[in-house]
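Work through the following exercises with the sequence and the model at hand. Each task is followed by a solution in steps.

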Amino acid sequence: MPISGEKAVLRRRFRTLRDGLEPKHKAELDAALLKHLLALPEFLEAQSLLCTLSTGSEIGTLPLLTAALEQGKQIAAPYCVPGTRRMEFYFIDSLEQGLEPGPFGILQPNPAVSRPVERFEKSLCIVPGLAFDCQGFRLGYGGGYYDRFLAGYTGVSAGLVYSCLLVEKLPRDAYDLPCNRLLTEAGPVR
């Protein structure tokens, strides 16, 4: 089976597993992940946090974004550039304004009223994924947006994953890049 077919099968399997988590258990996992992330040296040292606004059964990022704002960090969310498979990050001042639904139903900043992130040296990027492997590689959603972004990213990247979605090794393409840090609800993995 070609790698794209193998990834498609795994996406369905992992999405079903994640969607099947009981809400109360998922909330406990999210809280534990947040606790470990807030104690991570790379989070404490970061001046800005790059993070998507979670949707559906994804690991909840709104408490993380709120905590970052409360700690005086700048937060930025991705904007998917129409007609491309590229994304850019724009600063957001609050979680209540300046956001609108984008592709895939994910809230994103409006670039007409938001300031673009131009320097990434002191940033931490939270990379979403359906599953991760022990080397920090992820199984994303298949669009390649984060792979393209991470290829030129100069900050620190971190993947958050439930332990039930952490596997020994995922199939990968030449353009797939691992996260610098990986955390589960049990703590840092790498």
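**Exercise 1. Salt bridge within a helix**

Find the salt-bridge partner of Lys-26 in this predicted model, and state where the two residues lie.

Solution. The side chain of Lys-26 meets that of Asp-30 in a salt bridge, with an N to O distance of 2.8 Å. That distance satisfies the cut-off of 4 Å. Next, place the pair: both residues belong to helix α2 (residues 23-39) and are 4 residues apart, about one turn of the helix. Finally, check exposure: Lys-26 and Asp-30 are both buried.

**Exercise 2. Other salt bridges**

Determine how many salt bridges the structure holds, and describe the pair Glu-42 and Arg-181.

Solution. The total is 7 salt bridges. In one of them, the side chains of Glu-42 and Arg-181 meet at 3.9 Å, N to O. Glu-42 is in helix α3 (residues 41-45) and Arg-181 is in strand β11 (residues 181-184), so this pair ties together parts 139 residues apart in sequence. With a relative accessible area of 22%, Glu-42 is partly exposed.

A further salt bridge links Glu-88 to Arg-86, whose closest N and O atoms are 3.6 Å apart. Both ends are partly exposed: Glu-88 has 27% relative accessibility, and Arg-86 has a relative accessible area of 41%. Elsewhere, salt bridges with shared partners join Lys-7, Asp-173 and Asp-176 into one network.

**Exercise 3. Cysteines**

Explain why Cys-80 and Cys-125 form no bond with each other, and determine how many disulfides the whole structure has.

Solution. Start with the distance: the cysteine sulfur closest to that of Cys-80 belongs to Cys-125 and is 12 Å away, which is too far for a bond. A disulfide would need the two sulfur atoms within 2.5 Å. Cys-125 is in no disulfide either, as its nearest cysteine sulfur, that of Cys-179, is 7.8 Å away. The search of the whole structure gives 0 disulfides. As for accessibility, Cys-80 is buried at 13% relative accessible area, and Cys-125 is buried at 0%.

**Exercise 4. Strand β1 and its partners**

Describe the two faces of strand β1 (residues 48-51), then identify the strands that pair with β1.

Solution. Take the faces in turn. Ser-48 and Leu-50 are on one side, Leu-49 and Cys-51 are on the other, and all four are buried, so both faces are covered.

Then take the pairings. β1 runs parallel to strand β2 (residues 74-80), and 3 bridges join them. Leu-49 has Ile-75 as its bridge partner in β2. Between these strands the chain passes through helix α4 (residues 62-70), making a right-handed β-α-β crossover. β1 also pairs with strand β6 (residues 123-127), again in the parallel sense, over 4 bridges. There, Cys-51 stands opposite Ile-126.

**Exercise 5. Core and loop contacts**

Identify the residues that touch the most other members of the largest nonpolar core, and compile contacts for Leu-49 and Ser-94.

Solution. The core has 51 residues, and those touching the most other members are Phe-14, Leu-49, Leu-50, Phe-89, Ile-126 and Phe-149. Beyond four places in sequence, the contacts of Leu-49 include Phe-43, Leu-64, Leu-65, Ala-68, Leu-124 and Ile-126.

Ser-94 is located in the loop between β3 (87-92) and β4 (99-101). Its relative accessibility is 14%, so Ser-94 counts as buried. With residues up to four places away set aside, Ser-94 touches Leu-69 and Leu-99.

Technical notes: Residues are numbered from 1 along each chain as its sequence is written. This is a predicted model: local features need pLDDT of at least 70, side-chain atom pairs count only at pLDDT 80 or more; totals for chains, interfaces and linings use all residues. Side-chain values use heavy atoms; hydrogens and water are left out. Buried means under 20% relative accessible area, exposed over 50%, partly exposed in between (1.4 Å probe, protein chains only). Contact means heavy atoms within 4.5 Å. A nonpolar core is a set of buried Ala, Val, Leu, Ile, Met, Phe, Trp, Tyr and Cys residues joined through side-chain atoms within 4.5 Å. Two strands pair if DSSP finds at least two bridges between them. A crossover is right-handed if, with the strands pointing away from the viewer, the path from the first strand over the helix to the second runs clockwise.
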